[in-house]
Amino acid sequence: MEIKGNIFFIPGQDAFLPDSHVYVIGDMKTKDLTLIDAGIMGNGSYKINLLEKAGFQLEDIKRIILTHTHIDHMGCLAELRVIIPHLELWVHEEEALPLQRGDERTVYGMEAFRSLCQTQFHLKPGDFSFPVHRQLQGGETLDIGGMGWEVLHIPGHSLGSIALYNADEKVLIPGDVIYADHAIGRFDLHGASGRTLRESLFRLAELDVDVLLPGHNRVARDLRPGYIGETAKEWESYLT
Ligand SMILES: [Zn+2]
Ligand SMILES: [Zn+2]
């Protein structure tokens, strides 16, 4: 599904667990496409089918950037890597090291959820250990697929949460930090912090955003000016 120009959207298919949206960014003609997030386990063929139906060549998909490494955003990574083996993985440095070491505390977020998932999906410790090809820091601009995307490190929901911002089209991809329906990301999971999330929300509020493409729920193609700042203020007193 096309959002605009060179940005496509594969809606998450929530079931027993939530499934994050996947975005595809980049001009098809450049043959340099990027996936943003992978989604939950089990939905790999659904995603690959939609990509092929939309006319994407799988060999043109060069990398996947994770907004953060929660299971509902990266559970599907192994399935995608089987079908697109050259797929590079780019992640913020705060979550890259744990991912490479097989430290899955961020992936599951909380201990109770780890046992639930391991039972339900027959997962083993170490199933989410992946090599990271590029560690992002925040502050850099990625020139990919004929577009420029600024990386913003916006911790609070997780230690290494990032947003991608395209100033030309005023598009923000904030992962789970803010949604388009006045909700914000949880701040009770491993590595999360309400106070830090508050700072991150007010940083995002400074951006000029027309299109908000969050990790879940609806996408906003014509965002009301001031929406992010208003939402941050609505939540401010809880974020201590
Ligand atoms: Zn999520
Ligand atoms: Zn999350």
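**Exercise 1. Leaving aside its neighbours within four places in sequence, which residues is A163 in contact with?**

This is a predicted model, so let's work from its C-beta positions. Start with A163 and set aside everything within four places in sequence; the remaining contacts are L152, I154, L172, I173, P174, G175, V177 and L204. Next, place A163 in its wider setting: the largest nonpolar core has 58 residues, and A163 is one of the three that touch the most other members, along with Y23 and L172. L172 therefore turns up twice, as a contact of A163 and as a fellow member of that trio. As general background, nonpolar side chains tend to be buried together in soluble globular proteins.

**Exercise 2. Work out the order of the strands in the open sheet of five strands, and find its edges.**

Read the sheet across: the order is 8-9-10-11-12, and the pairing is mixed. The edge strands, each pairing on one side only, are strand 8 (141-144) and strand 12 (211-212).

Now follow the pairing inward from strand 8. Strand 8 and strand 9 run antiparallel, joined over four bridges, and D143 has G148 as its bridge partner in strand 9. Two residues lie between these strands in a hairpin, where G145 in the turn has a positive phi of about 60 degrees.

One step further, strand 9 (residues 147-153) pairs with strand 10 (residues 162-166), again in the antiparallel sense and over four bridges. Two of the partnerships here are V151 with L164 and E150 with Y165.

**Exercise 3. Find the buried residues of helix 4 and say what they pack against.**

Walk along helix 4 (residues 93-101) and pick out the buried positions: E94, E95, A96, P98 and L99. Then look at their surroundings: these buried residues pack against strand 6 (88-92), helix 5 (105-108) and strand 7 (134-136). Finally, step just past the helix, where G102 takes a positive phi of about 80 degrees.

**Exercise 4. Does the radius of gyration of the chain agree or disagree with that of a compact globule?**

First, take stock of the chain: eight helices and twelve strands. Second, compare the values: a compact globule of 240 residues would have a radius of gyration near 18 Å, and the chain has 17 Å, so the two agree. Third, add the outline: the C-alpha atoms fill a box of roughly 45 × 45 × 30 Å along the principal axes. To finish, 44% of the residues count as buried, and among contacts between residues at least 6 apart in sequence, 66% join residues at least 24 apart.

Technical notes. Residues are numbered from 1 along each chain as its sequence is written. Chains are lettered from A and ligands numbered from 1 in the order in which they are written. This is a predicted model: local features need pLDDT of at least 70, side-chain atom pairs count only at pLDDT 80 or more; totals for chains, interfaces and linings use all residues. Two strands pair if DSSP finds at least two bridges between them. A residue is buried if 20 or more other C-beta atoms lie within 10 Å of its own, exposed if 12 or fewer, and partly exposed in between; C-beta atoms are placed from the backbone. Two residues are in contact if their C-beta atoms, placed from the backbone, lie within 7 Å. A nonpolar core is a set of buried Ala, Val, Leu, Ile, Met, Phe, Trp, Tyr and Cys residues joined through C-beta atoms within 7 Å. The radius of gyration is taken over C-alpha atoms; the globule rule is 2.2 Å times the number of residues to the power 0.38.
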